[in-house]
Amino acid sequence: MRQNLEIVRFDRPEHEPELSVQAARLVLEIGNYKKTRDVETVLWHMEGRTTLVAVDDNRQVVGTAALKRVNSTLGVLDDVVSDPSMRGDGIGRKVVKTAEEVALSEGILELNLASSLTAASFYKHLGYTQLGERFFRKYL
Ligand SMILES: CC(C)(COP(=O)(O)OP(=O)(O)OC[C@H]1O[C@@H](n2cnc3c(N)ncnc32)[C@H](O)[C@@H]1OP(=O)(O)O)[C@@H](O)C(=O)NCCC(=O)NCCS
C-alpha cells in the first residue's frame with residue numbers, strides 16, 4: 001500500500017456528509033448502479049446501513065463498502081469499490097474486512113453479496129463461496 005489509509009465507519013450519511021458524497025460519487029463512477037444515477041439516490045441508499053470508507057492522507061475517499069442487515073444473523077455486502085488508480089493496493093480487502101468485523105461484532109454470522117462478473121475472483125480470494133454466477137456467501 002502506498003500510503004496509510006484510515007477506515008471511517010458511519011451509519012447515516014449526515015454523520016459524515018463530505019465523505020458520504022465522495023463515496024456516493026465513487027460508487028456512481030465505478031459501481032453497478034444501472035437504475036439509480038444520482039448522488040442523492042445513493043445517499044438515500046446509505047440510510048439504514050453501515051458505510052465503510054477508506055480515506056487517504058488528504059481525507060479523500062479511495063474505497064468504500066456497505067453493510068446491510070437482513071436479520072439478526074444475516075447481512076448483505078454491497079457497493080464495494082476502490083479507486084481505479086489504486087487497484088491492487090489492498091483497499092478492497094481492507095474495506096471488506098472491516099465490514100466483516102463490524103458484522104461479526106453485531107452478531108451477523110453470514111454475509112451474502114451479488115458480485116459483478118469481474119469481481120468474482122476477488123471475492124473467492126477473500127474466502128467467499130460462489131453460489132451462482134453472481135452470488136456469493138461467507139460464514140464469518
Ligand atoms: C473488486 C475491487 C473492489 C477490488 O479492489 P482492490 O482494491 O483492487 O482489491 P485489493 O487490492 O484489496 O485486493 C485484495 C486481493 O484480491 C486480489 N484481487 C483484486 N481484484 C481481483 C480480481 N479482479 N481477481 C482476482 N483477484 C483480485 C488482489 O490481488 C489481492 O490479493 P492479495 O491480497 O493476495 O495480494 C475493485 O477492483 C473494484 O472496485 N472493481 C470495480 C467495482 C466492482 O466490480 N465492485 C464489486 C461489485 S460487487
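The legends below describe close-up views of one predicted model. Local features need pLDDT of at least 70 and side-chain atom pairs count only at pLDDT 80 or more, while totals for chains, interfaces and linings use all residues. Residues are numbered from 1 along each chain as its sequence is written.

**View 1. The whole chain has four helices and seven strands.** Helices (H or I, at least four residues) and strands (E, at least two) are DSSP runs, numbered from the N terminus. Along the sequence the pattern reads β-α-α-β-β-β-α-β-α-β-β. The radius of gyration is 14 Å, close to the 14 Å of the globule rule for 140 residues, so the chain is as compact as a globular protein of that length. This radius is taken over C-alpha atoms; the rule is 2.2 Å times the number of residues to the power 0.38. The C-alpha trace spans about 35 × 30 × 30 Å along its principal axes. Of the contacts with a separation of 6 or more, 55% are between residues 24 or more positions apart. A contact puts two C-beta atoms, placed from the backbone, within 7 Å.

**View 2. Seven strands form an open, mixed sheet.** Their order is 1-2-3-4-5-7-6. Strand 1 and strand 6 are the edges, each pairing on one side only. Two strands pair if DSSP finds at least two bridges between them. At one edge, strand 1 and strand 2 are antiparallel over five bridges. Here Ile7 stands opposite Ala54 in strand 2.

**View 3. Strand 7 pairs with strand 5 and with strand 6.** Strand 5 (residues 110–114) and strand 7 (residues 135–139) run antiparallel over five bridges. Leu111 faces Lys138 of strand 7 across this pairing. Strand 6 (residues 129–130) is also antiparallel to strand 7, with two bridges. Thr129 has Arg137 as its bridge partner in strand 7. A hairpin of four residues links strand 6 to strand 7.

**View 4. Helix 3 has buried residues covered by strands and a helix.** Its 15 residues should span 21 Å at 1.5 Å a residue, and its end C-alpha atoms are 21 Å apart, which agrees. The expected span is 1.5 Å times one less than the number of residues. Ile91, Gly92, Val95, Val96, Ala99, Glu100 and Ala103 are buried. Buried means 20 or more other C-beta atoms within 10 Å of a residue's own, exposed 12 or fewer, and partly exposed in between, with C-beta atoms placed from the backbone. The cover includes strand 1 (6–10), strand 2 (50–55), strand 3 (61–69), strand 4, strand 5 and helix 4. After the helix comes Gly107, with a positive phi near 90°.

**View 5. The ligand has 20 residues around it.** Ser82, Gly92, Arg93, Ser116 and Ser121 come nearest. A residue is near a molecule if its C-beta atom, placed from the backbone, lies within 6 Å of it. Strand 4 (74–82), helix 3 (91–105) and helix 4 (120–125) each supply at least two shell residues. The shell has six nonpolar, 11 polar and three charged residues. Ala, Val, Leu, Ile, Met, Phe, Trp, Tyr, Cys and Pro count as nonpolar, Asp, Glu, Lys and Arg as charged, and the others, Gly among them, as polar.

**View 6. Arg59 and Asp79 have positive phi.** Most residues other than glycine have a negative phi. Arg59 has a phi of about 60°. Arg59 sits in the loop between strand 2 and strand 3. Arg59 is exposed, with 11 other C-beta atoms within 10 Å. Asp79 has a phi of about 50° and lies in strand 4. Asp79 is buried, with 25 C-beta neighbours inside 10 Å.
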